[in-house]
2 protein chains.
Amino acid sequence: MLTKKELKEYCSNARENYLPHISIDCVVFGFHEGLMKVLLLQIKNGGEWYLPGGFVLKKEPIETAANRVLKERTGLNNIFLQQFHVFGDPERSKQHFDMYKDMLPAKDNWFTNRFLTIGYYALVDFYNVNPAPDQFSADCIWCDLNNLPELKLDHAAILKTALDALRLQLNYQPIGYNLMPKEFTMPELQKLYETILDEKLDRRNFQRRMLGFGILKRSEQLRRGGAHKAPYLYSFELENYNAALKEGFKGRW
Amino acid sequence: MLTKKELKEYCSNARENYLPHISIDCVVFGFHEGLMKVLLLQIKNGGEWYLPGGFVLKKEPIETAANRVLKERTGLNNIFLQQFHVFGDPERSKQHFDMYKDMLPAKDNWFTNRFLTIGYYALVDFYNVNPAPDQFSADCIWCDLNNLPELKLDHAAILKTALDALRLQLNYQPIGYNLMPKEFTMPELQKLYETILDEKLDRRNFQRRMLGFGILKRSEQLRRGGAHKAPYLYSFELENYNAALKEGFKGRW
DNA sequence: AAACATAGTGTATTATTGACACAATTGTAA
DNA sequence: TTACAATTGTGTCAATAATACACTATGTTT
């Protein structure tokens with residue numbers, strides 16, 4: 001926990017460098033051992049959990065701010081990021097870092113301000129991430145999406161909205177390049193979809209549909225070492241993948 | 001155009017009441033005589049065009065702010081509003097009301113600030129709208145979507161993004177209740193879809209699909225007076241409509 | 001070598017979509 | 001009054017896509 005002096009310094013620094021009343025929160029999705037993971041921070045003392053986030057520098061594009069925040073929490077650059085919603089209820093930031101609320105008079109205290117937060121979701125390769133806590137957190141770890149701790153503020157709602165947005169995305173855009181390692185098998189990719197959607201899919205139909213998108217290329221190699229028949233390895237055909245990202249799979253009209 | 005005194009007053013008032021650095025811009029879609037219309041404001045003097053917009057009061061939810069702005073421009077309450085994107089490039093507001101840029105020193109001048117703008121699109125019944133200019137505009141009028149004047153700032157990009165979001169919405173949500181009068185014919189509804197999508201649809205297939213959604217009810221009455229066979233009148237079955245809005249038409253997974 | 005778990009491939013059935021034809025209705029022009 | 005043009009209501013057939021399922025292949029385990 002910050003001392004009064006540290007808090008004071010943080011606040012005056014923040015006021016000088018960041019846009020007031022605006023924050024960024026990121027829902028970082030990863031995929032590991034068949035489970036959907038979300039990156040969470042645990043507050044120093046208190047022990048409460050919250051989403052990685054930060055503020056926007058006065059002359060910084062908001063996308064850059066989101067990337068900067070994520071770089072700090074994950075070590076990664078060029079993360080797949082999708083802005084999905086702004087949460088602007090005046091009540092939402094009422095309990096923002098409330099242990100610091102009384103340490104400074106409101107007019108000097110960054111954390112008593114109202115914040116609109118811009119929600120981003122990020123898709124990352126679990127294995128490349130080096131979770132790093134921020135200044136206010138004791139820990140930064142992956143949590144199972146279906147076994148989340150209680151979250152501070154409206155972060156549970158933000159997470160839910162992000163998940164809805166991600167599920168919607170599945171219907172008109174490819175997904176997976178950012179969540180899977182370079183090479184993967186069809187069953188592994190299927191598992192990703194099943195995890196996001198939280199439902200079982202038919203193996204054969206999944207493969208047919210997926211290949212139909214034309215964004216995969218099959219390697220000659222097989223994934224050896226598994227306990228059964230060795231599956232083929234696939235990777236994404238990046239050109240087609242990006243084209244599909246941009247154009248979207250055709251809608252229904 | 002505001003005098004220096006008026007501007008000064010406006011700015012000090014704004015600084016006192018609004019959240020700094022945050023604005024709202026609304027793309028108001030209407031449908032009239034087979035054409036998609038967008039509500040635009042024309043700047044006093046200058047003559048340039050821009051989207052209806054405004055600012056967020058310090059304790060006001062952003063949705064309320066958007067509704068307030070639209071109430072002022074259209075006279076309507078309870079407008080169908082959809083937040084679709086935040087535009088946060090630091091360069092985007094560089095030419096914001098630039099005729100006022102030099103009238104006040106930057107530190108006092110609200111319009112030299114950087115603004116993130118939250119984009120909303122609205123769907124309204126053309127015939128219920130009473131377009132009203134704001135303090136900075138000489139005029140507030142409906143413009144044809146496919147015959148737009150040049151727009152100030154990044155408003156052309158905002159409009160384009162709104163249209164994309166609207167088109168996306170067609171794929172998983174019903175639309176029309178907010179854009180059509182109470183009663184309408186199937187060809188009229190089809191025209192709306194064709195206009196939004198900017199493509200011709202097959203009459204018979206459109207009807208089958210539309211009825212399949214189960215959100216329409218057919219009146220016993222016909223629309224008389226047209227020059228040809230009188231079509232049936234339909235209206236939306238509001239309960240089912242709202243359920244479909246909430247649940248969405250099923251995706252493809 | 002047999003048992004087993006998982007992967008690859010294919011096929012029959014059903015549902016959805018797309019393309020199109022025809023009859024009915026209404027105002028207009030001959 | 002009648003023929004005509006334009007438009008609406010309805011239906012059908014074929015193509016396509018989605019779903020459900022079966023069989024074979026491969027590698028591990030015993």
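Trainee: Let's start at the DNA. How far is a phosphate oxygen of DNA strand D from an N or O atom in the side chain of Arg218(B)?

Mentor: Keep in mind that this is a predicted model. For a polar contact we look for N or O atoms within 3.5 Å of each other. Here the separation between the Arg218(B) side chain and the phosphate oxygen of DNA strand D is 3.2 Å.

Trainee: Which side chains reach a base nitrogen of DNA strand D?

Mentor: Two examples. Arg204(A) puts a polar side-chain atom 2.5 Å from a base nitrogen of that strand, and His228(B) has a polar side-chain atom 3.2 Å from a base nitrogen. As for secondary structure, α5 of chain A and α5 of chain B are the elements that give two or more residues to the surface near DNA strand D.

Trainee: Which residues come nearest to DNA strand D?

Mentor: There are 21 residues around the strand, and the nearest are Arg204(A), Arg208(A), Arg224(A), Arg203(B) and Arg204(B). On the DNA side, 46% of the strand D atoms within 4 Å of the protein belong to sugar and phosphate. Sorted by class, this surface has 11 charged, five polar and five nonpolar residues.

Trainee: Now the other strand. Which residues come nearest to DNA strand C?

Mentor: Again we have 21 residues around the strand, with Arg203(A), Arg204(A), Arg204(B), Arg208(B) and Arg224(B) coming nearest. Sugar and phosphate make up 49% of the strand C atoms that lie within 4 Å of the protein. The residue classes are 11 charged, five polar and five nonpolar. Helix α5 (203–212) of chain A and α5 (203–212) of chain B each supply at least two residues of this surface.

Trainee: How do I read the atom pairs at strand C?

Mentor: Note which part of the residue and which part of the DNA take part. Arg224(B) uses a side-chain N or O atom, 2.7 Å from a phosphate oxygen of DNA strand C. Ala227(B) uses a backbone N or O atom, 3.0 Å from a sugar or linking oxygen. His228(B) has a polar backbone atom 3.4 Å from a sugar or linking oxygen of strand C, while its side chain has a polar atom 3.2 Å from a base nitrogen of strand D.

Trainee: What bounds α5(B) at its two ends?

Mentor: For the N-terminal end, look for a side-chain oxygen beside a backbone nitrogen. Asp202(B) is the cap: its side-chain oxygen is 2.9 Å from the backbone nitrogen of Arg204(B). After the helix comes Gly214(B), with a positive phi near 70°.

Trainee: What operation superposes chain A on chain B?

Mentor: Check the rotation angle and the shift along the axis. Here we get 180° and 0.0 Å, with an RMSD of 0.1 Å. The copies are therefore related as by a two-fold rotation axis. They also use the same surface, since 100% of the contact residues of chain A recur in chain B.

Trainee: Last topic, cysteines. How many disulfides does the structure hold?

Mentor: Zero, over all chains. Take Cys26(A): its nearest cysteine sulfur belongs to Cys140(A), 11 Å away.

Trainee: Why is there no bond from Cys140(B) to its closest cysteine sulfur?

Mentor: A disulfide needs the two sulfurs within 2.5 Å. The closest sulfur to that of Cys140(B) is in Cys143(B), and 9.2 Å is too far for a bond.

Trainee: Are these cysteines buried or exposed?

Mentor: Relative accessible area under 20% counts as buried. Cys26(A) is buried at 0%, and Cys140(B) is buried at 5%.

Definitions and conventions. Residues are numbered from 1 along each chain as its sequence is written. Chains are lettered from A and ligands numbered from 1 in the order in which they are written. This is a predicted model: local features need pLDDT of at least 70, side-chain atom pairs count only at pLDDT 80 or more; totals for chains, interfaces and linings use all residues. Side-chain values use heavy atoms; hydrogens and water are left out. A residue is near a molecule or strand if one of its heavy atoms lies within 4 Å of it. A polar contact is a pair of N or O atoms within 3.5 Å; within protein, one must be able to donate a hydrogen and the other to accept it, and residues adjacent in sequence count only if both atoms are side-chain atoms. Helices (H or I, at least four residues) and strands (E, at least two) are DSSP runs, numbered from the N terminus. Ala, Val, Leu, Ile, Met, Phe, Trp, Tyr, Cys and Pro count as nonpolar, Asp, Glu, Lys and Arg as charged, and the others, Gly among them, as polar. Copies are superposed by least squares on the C-alpha atoms of residues with pLDDT of at least 70 in both. Contact means heavy atoms within 4.5 Å. Buried means under 20% relative accessible area, exposed over 50%, partly exposed in between (1.4 Å probe, protein chains only).
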